[in-house]
There are 4 protein chains.
Amino acid sequence: VSQDRLLELARAAHVRGWTWATSGNFSCRMPGGIAVTASGRDKGRLGPADLVLLDDGGLPLERNAPPASAEAPLHLAIYRLLPGAAAIAHTHSLASVVLSRRHAASGAVELAGYEMLKALSGVTTHEHSERVPIFANTQRPETLGEPLARALKEHPIHGFLVEGHGLYTWGRSFDEAGRHLEALEFLLECRLKESP
Amino acid sequence: VSQDRLLELARAAHVRGWTWATSGNFSCRMPGGIAVTASGRDKGRLGPADLVLLDDGGLPLERNAPPASAEAPLHLAIYRLLPGAAAIAHTHSLASVVLSRRHAASGAVELAGYEMLKALSGVTTHEHSERVPIFANTQRPETLGEPLARALKEHPIHGFLVEGHGLYTWGRSFDEAGRHLEALEFLLECRLKESP
Amino acid sequence: VSQDRLLELARAAHVRGWTWATSGNFSCRMPGGIAVTASGRDKGRLGPADLVLLDDGGLPLERNAPPASAEAPLHLAIYRLLPGAAAIAHTHSLASVVLSRRHAASGAVELAGYEMLKALSGVTTHEHSERVPIFANTQRPETLGEPLARALKEHPIHGFLVEGHGLYTWGRSFDEAGRHLEALEFLLECRLKESP
Amino acid sequence: VSQDRLLELARAAHVRGWTWATSGNFSCRMPGGIAVTASGRDKGRLGPADLVLLDDGGLPLERNAPPASAEAPLHLAIYRLLPGAAAIAHTHSLASVVLSRRHAASGAVELAGYEMLKALSGVTTHEHSERVPIFANTQRPETLGEPLARALKEHPIHGFLVEGHGLYTWGRSFDEAGRHLEALEFLLECRLKESP
């Protein structure tokens with residue numbers, strides 16, 4: 001059932017245009033580890049065989065499993081830092097890539113005054129300023145655990161951007177992860193429309 | 001049948017991308033009250049169980065009903081002010097959110113010279129200027145009844161914007177509500193394209 | 001069969017987002033007259049009952065027919081001026097509305113250097129400049145026959161814009177009409193992207 | 001089977017809006033030649049009868065075959081220059097047409113710093129600068145083999161633009177061709193969003 005919801009989350013992101021060219025990856029907690037999308041799969045035709053089960057150390061729990069997404073270590077780091085997270089979505093949308101490059105120098109995109117902020121759990125009014133930190137891109141995604149840990153100490157956050165690479169967000173349930181994803185993508189698109 | 005049309009109206013808005021992250025809400029008059037979408041539902045998978053029946057005072061007509069949208073009181077206020085309204089759509093589109101923020105200081109978006117204005121009931125020529133008022137956002141949506149009452153005294157209007165929050169529109173039938181929704185969203189998108 | 005193709009042409013335009021809020025109208029020649037979409041129909045759920053048969057003078061050929069589109073007289077004027085036209089599409093797209101307003105003062109949009117121009121019948125090279133005339137909008141659409149006749153004498157054209165109102169195009173077959181429609185909409189979108 | 005994958009590649013491009021008005025063409029290697037889309041076909045309703053088999057010299061391998069795309073000679077030139085290419089996609093997207101015109105004078109679009117570059121085979125880091133050359137448009141597409149041969153000597157490339165005409169890309173498999181197509185279109189859309 002979790003795996004069905006995970007595939008559904010990935011497909012919903014795909015139809016919105018956020019995972020072109022096999023980009024994006026998605027995971028959820030499972031007993032003893034996580035399920036994560038396999039490396040290099042077309043998110044438009046994802047099936048159960050495109051998911052890999054990893055233990056908490058990132059080792060495959062099944063023989064002959066295809067390689068997990070190269071960003072699985074970052075997913076594991078997020079689950080370690082956020083014990084409540086049940087599912088993680090990483091999208092590679094136009095808005096998140098463009099804004100992550102534009103605001104890289106300032107280290108964050110600030111989102112304030114939007115009613116949509118209330119779709120982020122714990123936010124109860126549009127009079128809120130959400131800081132979406134931007135981390136430098138790296139080919140060693142597990143190293144992003146460190147700046148993420150620092151960011152989490154400073155502010156409660158609901159997601160982060162990686163420069164030129166896209167958005168990571170999560171939720172304590174699939175519903176929450178999906179809602180955070182749509183809310184953050186919407187807010188980033190607003191920002192892009194506001195200053196194109 | 002009304003409920004089917006209400007679900008159809010909500011789904012049509014969803015496929016256009018105007019109700020991401022459980023945003024947006026929709027209602028119609030029923031004998032003795034209104035039917036309104038329940039709070040926090042994904043408009044992409046809305047069914048009859050996601051509608052709540054309220055009496056004219058906003059109290060649920062059925063036991064164990066899920067909570068109605070937090071904006072149901074604003075829907076009720078609109079029905080009180082507009083006795084002819086049969087259905088109301090509130091969308092949370094990019095264009096309505098962006099323009100409502102940009103024009104908040106002037107209190108309205110003016111739309112003039114577009115043939116599409118004729119899709120608004122009572123408008124018979126493109127030589128018309130439609131004033132779409134913008135109200136400040138609030139977490140007590142029922143308080144918007146007051147500025148709406150004032151706006152209705154000044155001009156005939158077909159909808160209004162809430163700053164950073166989106167569009168409200170209505171119709172004397174589902175067809176009219178749906179047409180007003182598409183027409184106003186189209187006109188707002190034109191405005192956004194004209195000065196991005 | 002012609003009616004099936006006409007419905008198909010209208011639906012294809014609708015799914016592209018060019019006929020929101022019952023806008024747009026479509027017609028084809030029939031023995032003794034034309035078939036045209038009825039007034040005020042949602043192009044997203046168009047069926048055979050939404051077409052009206054008119055004689056060459058614009059009178060309905062069937063009893064109890066719903067009223068034809070208010071722009072049927074302009075369709076008839078186009079068929080009179082262009083004896084080879086078999087089908088006409090009028091779309092109400094964002095790009096055509098926005099550009100028709102922006103370039104209204106100059107009376108035309110010029111499109112040059114695009115390979116897509118070759119989708120317009122008779123154009124054999126991208127080294128072509130296509131003039132798309134823009135006529136002032138009017139609530140008496142039949143009066144546009146006159147400026148159209150003048151425009152046709154000056155240049156071969158494949159379509160025209162009406163200010164704030166959209167695009168008219170046609171073809172000697174349904175295939176050609178559909179191709180001209182997609183080509184002109186594409187070219188207008190290019191122009192809009194090139195100078196937003 | 002190859003033909004099914006070719007039709008799938010073309011349809012996937014069509015639903016993204018990259019082949020309006022019968023534009024775009026697609027091919028794959030076959031024993032003794034290539035299969036290529038026939039001239040002037042609507043990519044939205046492409047079937048096996050819309051493919052033509054050509055020998056390596058460009059002559060049809062089947063009697064009564066419809067004429068191949070006028071750009072088939074360019075496809076053949078690409079296969080000669082790139083012995084590893086198994087499939088070629090030529091799309092006519094807004095982003096590729098607009099950017100090919102904007103950057104025509106400089107002869108290329110440079111794409112750097114994007115994680116999406118890693119979707120291009122052989123690119124292993126976002127710290128890569130991809131040069132997408134732009135060739136002048138011509139009504140004799142086979143003549144583009146010459147500037148392409150020069151470009152291939154200078155840099156490894158994964159695709160090229162033709163001014164006002166669109167994108168050509170390829171892959172050693174259908175999966176790779178499809179991934180290169182989505183990656184390059186994504187990167188071009190990013191560029192267009194970054195400087196509209």
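Start by selecting A:Arg45: with 47% relative accessibility, this residue counts as partly exposed. Keep in mind as you click around that this is a predicted model. Now add A:Asp42, which is also partly exposed, at 29%. The two side chains meet in a salt bridge, 3.5 Å from N to O.

Next, hop over to chain B and pick B:Glu142 and B:Arg140. Their side chains form a salt bridge too, at 3.9 Å from N to O. Here B:Glu142 is partly exposed at 36%, while B:Arg140 counts as exposed at 54%.

Want a pair from two chains? Show D:Arg101 and C:Glu194, whose closest N and O atoms are 2.7 Å apart in a salt bridge. D:Arg101 sits in helix α3 of chain D and C:Glu194 in helix α5 of chain C, so this pair joins two chains. For a bigger group, select A:Arg5, A:Glu8, A:Asp175, B:Asp42 and B:Arg45, which salt bridges with shared partners link into one network. Over all chains, the whole structure has 52 salt bridges.

Now colour helix α5 of chain D, residues 174-194. Its 21 residues reach 30 Å from first C-alpha to last. Of these, 16 are buried, so the helix is largely enclosed by the rest of the structure. Find D:Lys193 in this helix; it is partly exposed, at 34%. Together with A:Lys193, B:Lys193 and C:Lys193, D:Lys193 forms a positive surface patch.

Last stop: A:Leu120, in the loop between β5 and β6 of chain A. Is A:Leu120 buried or exposed? It's buried, with a relative accessible area of 0%. Add A:Ala177, 57 residues away along the chain, and you'll find the two C-alpha atoms 9.5 Å apart.

Methods:
Residues numbered from 1 in each chain as written. Chains lettered and ligands numbered in written order. Predicted model: local features only at pLDDT ≥ 70, side-chain atom pairs only at ≥ 80, totals over all residues. Heavy atoms only, no water. Helix = DSSP H or I, 4+ residues; strand = E, 2+ residues; numbered from the N terminus. Expected span 1.5 Å × (residues − 1). Buried < 20%, exposed > 50% of the residue type's maximum accessible area, 1.4 Å probe, protein only. Patch = residues over 30% accessible without salt bridge, like charges linked within 9 Å, V, L, I, M, F, W, Y side chains within 5 Å. Areas by Shrake-Rupley, 256 points an atom, 1.4 Å probe, with all protein chains shown as cover. Salt bridge = Lys/Arg side-chain N within 4 Å of Asp/Glu carboxyl O. Lys, Arg positive; Asp, Glu negative; His and termini not counted. Charge placed at Lys NZ, Arg CZ, Asp CG, Glu CD.
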